[in-house]
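Biologist: I'd like to go through this model and hear the reasoning behind each label. Could you start with the terms and then get to the residues?

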Amino acid sequence: MKAYRLDEFKSPDDLHLRDEDEPHPQRGELLVRVQAVSLNFRDIAIVRDKYALPHKKGLIPTSDAAGEVVEVGDDVDDSRYRISLSNRVYLNAFGTSTARFRFDPPQFRPID
């Protein structure tokens, strides 16, 4: 899997593409194939080390994404979250600029 990570917090040049292990959903999680991300003011502030909240080197930037659910972990209640395999979803969480993203269902919202 490919992921962009920040090694420093000075400029967009500090953003580097990395090869990473393919994630798999854990109990209660979904795995989403990310198809689109947005770049927000918060993301630029983080890159320039001007964001108010703490962040660490190796951060995967961006926080809004859309994609398709490709794997569902054990104990994900489809009826509660209205999300299942092959659904298109929107999510808001740090670290979405990866090829695939693993997170808890409450962070996702169905698009379809």
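Modeller: Sure. Buried means under 20% relative accessible area, exposed means over 50%, and partly exposed is whatever falls in between. Keep in mind that this is a predicted model.

Biologist: What makes Arg 5 partly exposed?

Modeller: Its relative accessibility is 23%. Buried needs under 20% and exposed needs over 50%, so Arg 5 at 23% counts as partly exposed.

Biologist: And why is the contact between Glu 20 and Arg 5 called a salt bridge?

Modeller: The cut-off is a Lys or Arg side-chain nitrogen within 4 Å of a carboxyl oxygen of Asp or Glu. For Glu 20 and Arg 5 the N to O distance is 2.4 Å, so the pair qualifies. Glu 20 sits in the loop between β2 and β3 while Arg 5 is in strand β1, so this bridge ties together parts that are 15 residues apart in sequence. Glu 20 is partly exposed too, at 22%.

Biologist: How many salt bridges are there in the whole structure?

Modeller: A search of the whole structure turns up 6. One of them joins Lys 2 and Asp 19, with the closest N and O atoms 2.6 Å apart. Lys 2 is in strand β1 and Asp 19 in strand β2, so that pair ties together parts 17 residues apart in sequence.

Biologist: Which label does each of those two get, Lys 2 and Asp 19?

Modeller: Asp 19 has a relative accessible area of 61%, and the exposed label starts over 50%, so Asp 19 is exposed. Lys 2 comes in at 42%, so it counts as partly exposed.

Biologist: What does the salt bridge between Lys 57 and Glu 8 tie together?

Modeller: Lys 57 lies in the loop between α1 (41-47) and β4, and Glu 8 in the loop between β1 and β2, so the pair links parts 49 residues apart in sequence. The closest N and O atoms are 3.2 Å apart, which is within 4 Å and therefore a salt bridge. Lys 57 is exposed at 57%, and Glu 8 is partly exposed at 30%.

Biologist: How do you know that Asp 14 has no salt bridge?

Modeller: The nearest side chain of opposite charge, Lys 10, is 6.3 Å away. A salt bridge has to be within 4 Å, so Lys 10 doesn't make the cut. Asp 14 is nonetheless buried. You'll find Asp 14 in the loop between β1 (2-6) and β2 (15-19). Setting aside neighbours within four places in sequence, Asp 14 is in contact with Arg 5, Leu 6, Asp 7, Glu 8 and Phe 9.

Biologist: What makes up the largest nonpolar core?

Modeller: It has 10 residues, among them Leu 30, Val 32, Val 69, Val 89 and Phe 108. To belong, they must be buried and joined through side-chain atoms within 4.5 Å. The elements giving two or more residues are β3 (30-38), β4 (64-72) and β5 (88-92), and β3 has the largest share, 3 residues. There's also a second, separate core of 5 residues that includes Leu 6, Ile 46, Val 47 and Leu 59.

Biologist: Why are β4 and β5 said to pair?

Modeller: Pairing takes at least two bridges. β4 and β5 have 5 and run antiparallel, so they pass. Ala 65 stands opposite Leu 91 in β5. On the other side of the story, β3 and β4 pair in the antiparallel sense over 8 bridges, with Val 69 in β4 as the bridge partner of Val 32.

Biologist: Where is confidence lowest, and where is it highest?

Modeller: Lowest is strand β6 (residues 100-103), with a mean of 68, and highest is β2 at 92. The chain averages a pLDDT of 83, and 89% of the residues score at least 70. Where pLDDT is low, the predicted coordinates should not be read in detail.

Biologist: Last one: which elements does the chain have, and in what order?

Modeller: There are 2 helices and 7 strands, running β-β-β-α-β-α-β-β-β from the N terminus.

Methods: Residues are numbered from 1 along each chain as its sequence is written. This is a predicted model: local features need pLDDT of at least 70, side-chain atom pairs count only at pLDDT 80 or more; totals for chains, interfaces and linings use all residues. Side-chain values use heavy atoms; hydrogens and water are left out. Buried means under 20% relative accessible area, exposed over 50%, partly exposed in between (1.4 Å probe, protein chains only). Helices (H or I, at least four residues) and strands (E, at least two) are DSSP runs, numbered from the N terminus. Lys and Arg count as positive and Asp and Glu as negative; His and the chain ends are not counted. Contact means heavy atoms within 4.5 Å. pLDDT is the predictor's confidence in each residue, from 0 to 100.
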